[in-house]
Amino acid sequence: MRRKVVAGNWKMNKRLDEAVALAEALLTVEVPAGTDVILGVPHVFLDRVVKLTEASSIMVAAQNCHAADGGAYTGEVSVPMLTSVGIDAVILGHSERRAQFGEDESLLADKVNAVLAGGLTPIFCCGEPLSVREAEGQNAFVEAQISGSLFGLTDEQMAKIIVAYEPIWAIGTGVTASPEQAQDMHHAIRTMIRARFGDQIADNLSILYGGSVKPANAGELFSQPDVDGGLVGGASLKAQDFSDIIAASA
Ligand code: PGA
């Protein structure tokens with residue numbers, strides 16, 4: 001059965017006291033049956049947020065990791081470090097990391113493999129810039145991102161992936177993809193996964209929409225047949241907004 005997922009991406013926001021207050025406020029949220037809630041937390045707060053949410057159904061994700069298990073990589077964080085803290089998932093290939101830190105398909109394939117080897121769930125982000133959307137090249141663009149990083153996986157590995165489609169023109173802009181635009185791309189993603197991995201994996205794959213998801217638009221987006229929840233940036237920083245978005249996944 002395909003799960004709905006509402007994941008927050010806190011990005012580089014909050015200080016420790018604020019992160020703790022946000023996680024604590026979310027402990028009382030009623031999570032609809034069939035929905036998984038995941039908080040994408042800055043590395044420095046992971047241990048604390050894992051401990052705070054341990055007794056709840058809330059899961060915790062890192063926003064990045066290194067592909068190597070350890071070694072001379074000053075400032076980086078490995079999957080074994082993350083698993084030792086007890087997190088559940090890692091956001092990979094966010095457009096901000098692709099654009100600002102030069103992450104490409106092959107590096108992301110290595111990171112996906114490392115995260116899977118550590119027993120964590122990769123939340124694999126993809127999505128096109130505005131220029132590509134204007135030229136109607138979005139499907140080919142996203143297909144190249146997905147095939148370049150995920151098509152080398154085994155069926156067993158692919159069954160553990162969550163995909164997040166985040167059109168770059170909708171991230172942090174207040175401009176949301178229309179429910180039809182989201183549905184079209186999510187259907188295209190499921191179709192390419194079906195062609196490579198077969199019906200069962202395609203039908204069970206959770207594909208999240210990201211890009212200016214708000215309480216006011218979440219319900220309509222999440223009710224599209226191929227939209228299985230959201231990856232939420234700005235609105236995940238406010239407990240009430242994020243709770244309302246979680247409720248919209250019911
Ligand atoms: P946004 O960010 O909800 O603030 O647009 C989404 C994301 O970048 O994951």
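**Contacts, a helix and cysteines**

User: What makes the ligand oxygen and the side chain of Glu166 a polar contact?

Analyst: An oxygen atom of the ligand lies 2.6 Å from an N or O atom in the Glu166 side chain. A polar contact is a pair of N or O atoms within 3.5 Å (within protein, one must be able to donate a hydrogen and the other to accept it, and residues adjacent in sequence count only if both atoms are side-chain atoms), so this pair qualifies. Happily, the side chain of Asn9 passes too, because its distance is 3.4 Å.

A quick note on the source: this is a predicted model, where local features need pLDDT of at least 70, side-chain atom pairs count only at pLDDT 80 or more, and totals for chains, interfaces and linings use all residues. Residues are numbered from 1 along each chain as its sequence is written, and side-chain values use heavy atoms, leaving out hydrogens and water.

User: How do you know that Cys65 is buried or exposed?

Analyst: Its relative accessible area is 1%. Buried means under 20%, exposed over 50% and partly exposed in between (1.4 Å probe, protein chains only), so Cys65 is buried.

User: How many disulfides does the structure hold?

Analyst: There are 0. Cys65 is in none, and the nearest cysteine sulfur, that of Cys125, is 12 Å away.

User: Why is Cys125 not in a disulfide?

Analyst: The closest cysteine sulfur, in Cys126, is 7.5 Å from that of Cys125. A disulfide is a pair of cysteine sulfur atoms within 2.5 Å, so the two are too far apart for a bond. Cys125 is also buried, with a relative accessible area of 1%.
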